[in-house]
Every structure is written in C-alpha cells, then in structure tokens.
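Open the model in a viewer and keep the selection panel at hand. The stops below go from one selection to the next.

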Amino acid sequence: MDSPSGPAWTAGQVAKDLGISESTLRTWHRRYGLSPQDAQPGHYRRYRAEDVARLQRMLELIEQGMLASDAARTVQGGEAPAVAPARDVADLVEAAKALDTARCDLLLDRLFTRRGVLDAWELVCCPALLGVDAHPRDDPAFMAAEHALSWALLGALHRLSRPPAAPGASLVLLACTEGEQHTLPLAALSAALAEHRMPSRMLGASTPGPSLERAVLETRPDAVVLWAQRSETAAYGVLRALSRYPVRQVAAGPGWDSRRLAGVPRVITLRGAVAALDGEGPGKSPVD
C-alpha cells in the first residue's frame, strides 16, 4: 500500500524481512512504543521506511548485547541507524541475486531514508551494481540479477519525495545522447538535485540532438547535462550545437574524452555532477 508519504508494509512483511516473529514485533509495539510513526487507532499498522530503519537499528543493538529496553530508548532518542555500508551492499546483492525484487524495494527505500541520495548511491548502490555485474556477460542468471537491481533502483529513485525547489534555483535539463540507453545515472542525478532543492527535467534515453535543442529553446534551462556511457555514444556535435545557446553544458559519464570537449566540463561522479551544477566544482565519487 502506498501513500503520498511513500511505500508502506504490513507487520508480517516487516517481521519477515527483519527475521523476527510478528509476536516480537507486537511486544516491541506494546512494551516500548515502537509503533509506526503515523499509526492511527482502529487501523492496521503500516510501516514506512523510517519505521523499519528504527526497528532494524534496535535489532542490531540487541544483537550487540544491549537489553531490549535500552535499545528501544536509544532508538527513540533519535540515534542515526549506524549500519556499515558493506552490510547494506551485501544485503542488496543477495536480494538481487535471488531476484527478490520486493526485498530490493524494501532495502532501497530504507537505504535512501537513512543515508540520503548521495551517500546511498556512492557507498552502497554503485558497489552493489558492480557486485552483480562481476560475471561473464553471457551468464543469464547474473544478467537477470543486474536487470532486477537496476529496475528496483529506478523505482526507488522515483518514489523519493521531491521537496519544493529553492527560490530562484535554476533549471537543469537531463538527457542521454542519441543511441545511449543508460538512464539510471541520470535518474540518480535527478533525485540528488531534488535533495539539494535544484529543479530538473528528464528527457531520458537516446535523445536526438534536434530534440534536445528544441527542449533548450522551450524550457530555457541554466544547464544541460548530457550523459554518454560509451565512447560510441559521445555526441560532440551536439555539444557544439548547444554552444549557440546561453546554457551551461556538462558532459557526464565515462564515454566522453575530455581532450575533445573544448572547455565543456566533464563529470563521471554523482557528487561531482551535483557540485558542478551547484557551482562547487567536480567531486570524486562514481556515478556508475
């Protein structure tokens, strides 16, 4: 069940994911007040990502030897869920390899709630994608895991809430070069920009050059980010065409050769792209 505040899960689904019984979950609810934050009397309890994150942290503290009562007080005191990135990566890779997309959804919603877009992407999502991609390209089992994880990531990024843009914030136009189908890095960038209250519009995969020019004329963005995953799809002619317009250009992705960009900044990192668009210069964390 979904609502404007994000996806939600039943007590049974949450208990199964955490590896505890529903009776334990009910005990925590009655004894320690660990009910969903928006629970209403007379209604079935529905847990959202932040609720599950609290329960996961309590379980971790108990496993570390803390009394349940002390763990509950710690969690309710607002301590951030300190989950090691390696554990998040392992859980996500395991779910992807099992093709358990429902668990991928739950893990990713919880992950973005706890870490925010930039840290979640850099510390967990990229390593997890590399983890399921480390296989022979003709192995159908691992290819299915890669597709499952990519699809779950797109869904999780689209489910993130989008705060209103900051007053006076400039629009950013996002597009893949013609022939380029890798939209996931741009979806992550769109979510990260929203987290920084910077508005963006997504044109998506394989955007023809003339269509991109038309979009620039109609939307009058401050900047255009053009993604190329492979050298074969790097469209230098499109960048030259865009130079006729009063718009900043950013060449994003590993497909671009910086020697051929004629002053156009190149970024291959999510944090670097956000920093470049926010006027802070390139960063150092991989987008894909």
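Begin with the lining of the largest cavity, whose residues divide into 5 nonpolar, 1 polar and 4 charged. This is a predicted model, and the selections below are made on it. To display the lining, select Gln 56, Asp 88, Asp 91, Leu 92, Leu 107, Leu 108, Arg 110, Leu 111, Arg 114 and Val 124. Two elements give two or more residues to this lining: helix 5 (85-97) and helix 6 (101-133). Colour helix 6 separately, as helix 6 gives the most, with 6 residues. The volume of the largest cavity is about 70 Å³. Over the whole structure, a search finds 2 cavities of 30 Å³ or more.

Next, zoom out to the full chain. The protein has 11 helices and 7 strands. Of its 288 residues, 47% count as buried. Among contacts between residues at least 6 apart in sequence, 65% join residues at least 24 apart.

Now show the strands. An open sheet is formed by 5 strands, in the order 4-3-5-6-7, with parallel pairing. At its edges are strand 4 (200-204) and strand 7 (266-267), each of which pairs on one side only. In general, strands of a sheet pair through backbone hydrogen bonds, either parallel or antiparallel.

Within the sheet, select residues 223-227 and 248-252. These are strand 5 and strand 6, which run parallel and are joined by 5 bridges. For one position in this pair, pick Ala 223, which stands opposite Arg 248 in strand 6.

Keep the sheet on screen and add residues 184-195, which make up helix 8. Helix 8 lies across strand 3 (172-176), strand 4 and strand 5. Relative to strand 3, helix 8 runs at about 170 degrees.

The last selection is a single residue of helix 8, Ser 190. Is Ser 190 buried or exposed? Ser 190 counts as buried because its relative accessibility is 10%, and the cut-off for buried is under 20%. Show the side chains around this position: leaving aside residues up to four places away in sequence, Ser 190 touches Arg 162, Leu 174, Ser 200 and Met 202. To finish, draw a distance between the C-alpha atoms of Ser 190 and Val 274. The two residues are 84 residues apart along the chain, and their C-alpha atoms are separated by 9.4 Å.

Technical notes: Residues are numbered from 1 along each chain as its sequence is written. This is a predicted model: local features need pLDDT of at least 70, side-chain atom pairs count only at pLDDT 80 or more; totals for chains, interfaces and linings use all residues. Side-chain values use heavy atoms; hydrogens and water are left out. Two strands pair if DSSP finds at least two bridges between them. Helices (H or I, at least four residues) and strands (E, at least two) are DSSP runs, numbered from the N terminus. Contact means heavy atoms within 4.5 Å. Axes are lines fitted to C-alpha atoms, for helices over the stretch in contact, and angles run from 0 to 180 degrees between N-to-C directions. Buried means under 20% relative accessible area, exposed over 50%, partly exposed in between (1.4 Å probe, protein chains only). On a 1 Å grid over the protein atoms alone, a cavity is a set of points where a 1.4 Å probe fits but cannot get out, and a pocket is an open set with protein on both sides within 12 Å along at least five of seven lines; lining residues have an atom within 4 Å of a point. Grid points are joined across faces, edges and corners, and a volume is the space filled by probe spheres set on the points. Ala, Val, Leu, Ile, Met, Phe, Trp, Tyr, Cys and Pro count as nonpolar, Asp, Glu, Lys and Arg as charged, and the others, Gly among them, as polar.
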